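Work through the exercises below with the sequence and the 3D structure open. Try each task before reading its solution.

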Amino acid sequence: MQHRIVVLGAGYTGATAAGRLARRLRSEDVAITLVNAGSDFVERVRMHQLATGQDLAPRPFREMFEGTGVALKQGKVTAVDVDRRTVSVAALDATGGAKDEELEYDTLVYALGSGWNDQGVPGTAEHAHEIASRPGALRLRERLAGLSAGESVVVVGGGLTGIEAATEIAEARPDLSVALAARGGLGDWLSPKGAGHLGTVFDRLGITVHEHAAVTAVEAGRITTGDGTDIPAAVTVWTTGFAVHPIAQATALEVSGTGQIVVDRTMRSVSHPDVYAVGDAALAMGPGDKPLRMSCASGVPGAWQAADAIAARLTGRKIPTVPVRYFNQCISLGRKDGLIQYVTADDRAVSAALTGRLAALYKEIICKGAAWGVAHPLLTPARRRRVVRETAIVPEGSPVGTAA
């Protein structure tokens, strides 16, 4: 009987885990099912580009996973029962309608990821735009296209997503008045060189920066900060962080206060050993005993670790250790400029930074490489091994599986 592996979510981490499992295990021994709401892979790190009118090449999952042995199930995950080992899916049928299905699993890889987080700020859900998803980016794209010269766009959030969105919009639409509202200082986590370059680019693009400006309300046509200041905003773009998919909180899995699944160093649930969590859905500890931040930089290596650990436990081999650490933060500043901030293993900025066109090229290579890796799961040779052991009854800390 085949060991049933179900992977929920086909973003960078879920698709990577499914492809890597297909490389590691023999198709006669395992049935790998990848569940996703959409039919195409979404390059989430490019949503600010999509929002400004750039077209992204379609990446259909059917083509990406053809010949891999991974079965695709298009539908929305509605529930997970970790006691019965089942997943409920509103699956699309041949006519485009949805029908309820239940999938059984022996091993579950939870990679449902995250969406935008309105932080509970009044008016945000009604009046702000998000770029954490393709539909959100397309809605913003349509809204920006309808703006006239001189109208204002305010990006709320001074992190990587906010910086990339503000610079992309300002470069694509120099006729607009673009501003960024940050809770702290602009790039205050960067090295002096990195922060200096960021300030230079913002000045060149004419972006107004409101520092130490916590936004307390969003309305049609304006935002309000904590000190009562009103900032005009024909369009508000909200980029203040991410909130994980809520399904995990409704299960018996041990989750953190943020709703992330608590995992061990192999990305395995600490409460349910037949469940693994990767990407934004997982609370994993990294170097310095600090939680890994929600990012591709930590999510993809985490997916490698989970897939390798599952394969090792099933085949009775020693579990390899995939380093999950940081090397740099890659920030696009429009299409012609960028910033590569080098960091320590636990994500603290060091003095070195790469800037300008070379940094933009570096970032583009990283983005293309990440998408290429997902789209070619079997290109790198790997020996597919036979399943000889089960995973659910292995004591935590054991280097290999225990015979079923």
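A charge sits over a ring if NZ of Lys or CZ of Arg is within 6 Å of the ring centre and within 35 degrees of the ring normal. This is a predicted model, in which local features need pLDDT of at least 70, side-chain atom pairs count only at pLDDT 80 or more, and totals for chains, interfaces and linings use all residues. Residues are numbered from 1 along each chain as its sequence is written, and side-chain values use heavy atoms, with hydrogens and water left out.

**Exercise 1. Charges over rings**

Find the ring under the charged end of Arg 44, then the ring under that of Arg 325.

Solution. Start with Arg 44: its charged end lies over the ring of Phe 242, 4.6 Å from the ring centre. For Arg 325, the ring is that of Phe 327, and the distance to its centre is 4.2 Å.

**Exercise 2. Aromatic pairs**

Classify the ring pair of Tyr 12 and Phe 41 and place both residues in the chain.

Solution. Rings of Phe, Tyr and Trp (its six-membered ring) pair if their centres lie within 6.5 Å; planes under 30 degrees apart count as stacked, over 60 as edge-to-face and the rest as tilted. A search of the whole structure gives three aromatic pairs. In one of them, the ring centres of Tyr 12 and Phe 41 are 5.0 Å apart and the planes stand at 85 degrees, so this pair is edge-to-face. The pair joins distant parts of the chain, 29 residues apart: Tyr 12 belongs to helix 1 (residues 12-24), and Phe 41 to the loop between strand 2 (30-36) and helix 2 (47-51). Helices (H or I, at least four residues) and strands (E, at least two) are DSSP runs, numbered from the N terminus.

Next, take Phe 61 and Phe 65: with 6.4 Å from centre to centre and 35 degrees between the planes, they form a tilted pair. Tyr 12, Phe 41, Phe 61 and Phe 65 make up one aromatic cluster.

Last, check burial. Buried means under 20% relative accessible area, exposed over 50%, and partly exposed in between (1.4 Å probe, protein chains only). Tyr 12 and Phe 41 are both buried, and Phe 61 and Phe 65 are buried too.

**Exercise 3. Two helices that cross**

How do helix 1 and helix 9 lie to each other, and which residues make the contact?

Solution. Axes are lines fitted to C-alpha atoms, for helices over the stretch in contact, and angles run from 0 to 180 degrees between N-to-C directions. The axes of helix 1 and helix 9 (residues 357-375) come within 8 Å and cross at roughly 40 degrees. Angles under 35 degrees count as roughly parallel, over 145 as roughly antiparallel, 65 to 115 as roughly perpendicular and the rest as oblique. Helix 1 and helix 9 are therefore oblique to each other. Contact means heavy atoms within 4.5 Å. Helix 1 contributes Tyr 12, Ala 15 and Thr 16, and helix 9 contributes Ala 370, Ala 371 and Val 374.

**Exercise 4. The surroundings of Thr 16**

Is Thr 16 buried or exposed, and which residues does it touch?

Solution. Thr 16 is located in helix 1. Its relative accessibility is 13%, so Thr 16 counts as buried. Not counting residues up to four places away in sequence, Thr 16 touches Gly 11, Val 300, Ala 303, Trp 304 and Val 374.
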